[in-house]
Amino acid sequence: MRVTSSSSNYKKSGLVCSSKGSEAAAAMGKKGSRRVSFIFIFIISLLCLVGLGVFVPVLALLPALSSHSHNHHHHHPILPYPKRVNSRKFEIADDKFWKDGQAFRIIGGDLHYFRVLPEYWDDRLLRAKALGLNTKAGTFNFDGIADLVSYLKRCQKHGFLVTLRPGPYICAEWDLGGFPPWLLAIEPALKLRSSDPAYLQLVEKWWGTLLPKVAPYLYENGGPIIMVQIENEYGSYGNDKAYLHHLVGLTRYHLGNDIILYTTDGGTRETLEKGTIRGDAVFSAVDFTTGDNPWPIFELQKEFNAPGKSPPLSAEFYTGWLTHWGEKIAQTDADFTASALETILSRNGSAVLYMAHGGTNFGFYNGANTGANESDYKPDLTSYDYDAPIRETGDINNAKYRALRRVIEKYTAESLPAVPPDNEKIGYGSIHLTKTGNLLDMFHHFDVVESENPIAMEYVGEMFGFLLYVTEYAAKDADYGGILSIPKVHDRAQVLISCSSERNGGRPTFVGTIERWSNQRIVLPNTNCVSSISLFILVENTGRLNYGPYIFDRKGILSSVYLDGRVVHKWKMYKIPFANLNEIPKANPIIQASYSLLFDISARKKLKEKYVNASKEPAFYAGRFHIDKEDQIKDTFVSLNSWGKGIVTVNNFNVGRFWPSVGPQCNLYVPAPILKLGENVVVIFELESPNPELVVNFVDQPDFTCGSSKRNFNHEL
């Protein structure tokens with residue numbers, strides 16, 4: 001995604017599968033007609049989901065693809081599937097898209113299938129179809145929510161064409177722009193998005209697994225895929241033409257010479273110069289700010305395409321915008337958005353809605369952006385509603401959906417499908433939780449890595465969530481306990497100390513938080529301890545950067561830790577075993593402890609709260625509620641008002657992060673497929689201060705009114 005305003009200097013795009021088709025073809029009907037034949041198209045951005053924590057290799061590397069092999073007219077490779085002999089063909093000529101000899105207009109939309117539960121893929125596709133979209137987009141763990149082939153089949157079943165965006169970088173406000181974070185642990189460090197041979201070798205392995213899976217679904221082979229994107233808005237990042245040519249050669253090797261390849265870049269001369277490949281081998285599309293006059297930009301686009309090979313395409317037509325923690329929820333006017341779309345469609349232009357449906361950043365996969373520098377860090381909300389026409393819950397009874405549908409309907413020949421009703425939501429009411437354990441009483445059961453100095457999360461093998469750094473230092477006779485500083489921490493470090501000789505039995509005491517965006521020092525209290533003092537630093541990875549020059553974004557403590565100016569040594573790093581999106585459930589001491597104490601609570605003495613509540617000690621809370629009838633299993637929201645900061649799991653599914661004191665998101669979306677008949681279990685990991693009554697409420701409406709719209713995230717937390 002491209003941003004041109006001074007307040008939004010980052011981009012997005014991504015693994016998408018809704019009605020946007022970043023180059024998906026929307027039917028244009030007969031040549032010269034303003035109303036067009038109608039086929040739904042979606043854009044699918046491919047994401048490397050790494051729930052297994054490993055890179056899936058192929059049995060052998062591809063033949064060497066030299067950065068000098070820029071000629072794309074070499075012989076067709078021997079493909080690993082039988083190529084169909086038929087008349088299906090998608091092509092570009094006379095500055096138009098053509099499908100089977102008929103002029104074709106793309107009216108597409110982005111829907112990130114990895115932000116929607118598989119049980120709802122059909123539901124969201126049908127809502128996109130009723131909006132009038134004809135193109136959609138299709139994802140490396142190929143199970144569950146990452147089952148790309150299944151998603152492609154569903155797109156085809158519902159009549160969508162697909163524009164595939166396999167990356168290898170997709171942005172999309174997704175953690176590390178879709179790259180698996182273990183790439184950051186490789187030494188020497190990789191140069192991502194470049195012709196670095198070590199990086200390209202990994203791309204070859206990834207695409208060597210991915211592209212053969214999608215090849216049978218190319219349009220000429222009877223499938224829905226009409227175009228494939230190379231990289232994403234590369235002109236806003238780099239200028240390595242050898243890298244782009246290498247990706248083109250690699251794609252041709254696996255997919256043949258018939259498929260249309262394309263790039264997408266911001267509609268400026270500078271970004272197009274750096275991000276496009278001249279000639280007719282790769283089609284150059286553009287994106288730009290909604291409301292900009294598109295036609296001068298489309299004229300500029302022609303300069304970067306061969307004559308007759310430049311159909312006007314807004315590859316990312318922004319229907320809304322994302323929101324970071326601490327910001328007011330982003331909203332854009334429905335009529336303004338619809339009018340901007342009509343400006344494109346009224347002159348036979350094509351557009352892909354980003355987003356048609358945003359979805360949810362379940363688990364720990366949300367991305368982040370920066371402002372002026374690396375410390376001006378802005379993590380994304382759990383919700384990726386995006387103020388899109390199809391809301392986070394799939395709701396379409398809203399002004400923006402209706403306005404966009406009216407415009408799209410004017411430029412399609414066939415009648416649009418009937419608009420389906422919104423899915424029913426339900427509020428299950430208040431649920432009382434029980435404290436089931438303190439994190440610092442449990443960490444000895446977790447996997448540990450020891451080192452003289454603290455090391456990054458990626459090197460420890462903890463790619464997401466939290467890492468606990470533990471050491472000791474000698475107590476001293478002074479009016480204060482010393483000054484603690486960490487020059488570089490990504491992203492948020494909660495600091496506690498404990499002394500076994502203290503009267504409270506050595507319960508840890510919260511002493512402060514060191515944050516990436518402020519990086520203040522902490523004055524430690526004088527404990528009057530006669531033994532060594534234990535130092536606990538719980539670091540939260542709040543989302544890797546997905547766009548911009550600082551995308552190489554390792555997490556954890558990335559520098560020495562200093563106490564009164566002296567380096568602190570001898571660290572133990574404990575991996576906190578939270579489930580992430582699409583991970584295979586395994587034995588988990590956190591969940592086991594929460595469940596066992598919850599279900600046995602009547603026979604056990606409740607934990608004492610007085611030290612924990614006073615010291616903001618990270619702890620776990622669990623509760624349960626019953627659903628008695630199948631027809632009561634509905635979408636819902638868990639309200640975290642009066643809680644501090646942390647994560648929520650429902651039936652061991654990581655629903656996402658909450659931070660109502662910063663806002664604006666108060667509630668987390670809980671889709672019905674997560675719930676079950678009978679007993680349902682909620683576990684909250686609270687970093688700081690739980691709701692005083694240990695209550696959460698399940699309600700039937702979203703809420704984005706928490707925090708203060710005047711709060712400056714980078715300076716006032």
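**Exercises: disulfides in a predicted model**

A disulfide (a pair of cysteine sulfur atoms within 2.5 Å) joins Cys-666 to Cys-706, with an S to S distance of 2.1 Å. This is a predicted model, where local features need pLDDT of at least 70 and side-chain atom pairs count only at pLDDT 80 or more, while totals for chains, interfaces and linings use all residues. Residues are numbered from 1 along each chain as its sequence is written, and side-chain values use heavy atoms, leaving out hydrogens and water.

**Exercise 1.** Find the handedness of the Cys-666 and Cys-706 disulfide, and place both cysteines in the chain.

Step 1. The torsion about the S-S bond is about 135°, so this disulfide is right-handed.
Step 2. Cys-666 sits in the loop between β32 (653–658) and β33 (667–670). Cys-706 sits in the loop between β35 (695–699) and α13 (713–716). Helices (H or I, at least four residues) and strands (E, at least two) are DSSP runs, numbered from the N terminus.
Step 3. The two cysteines are 40 residues apart, so the pair links distant parts of the chain.

**Exercise 2.** Describe the link of Cys-499 and Cys-529.

Step 1. Their sulfur atoms lie 1.8 Å apart.
Step 2. The link is right-handed, with 85° about the S-S bond.
Step 3. Cys-499 lies in the loop between β21 (492–498) and β22 (509–515), and Cys-529 in the loop between β23 (522–524) and β24 (533–540).

**Exercise 3.** Is Cys-529 buried or exposed?

Step 1. Buried means under 20% relative accessible area, exposed over 50%, partly exposed in between (1.4 Å probe, protein chains only).
Step 2. Cys-529 has 11%, so Cys-529 is buried.
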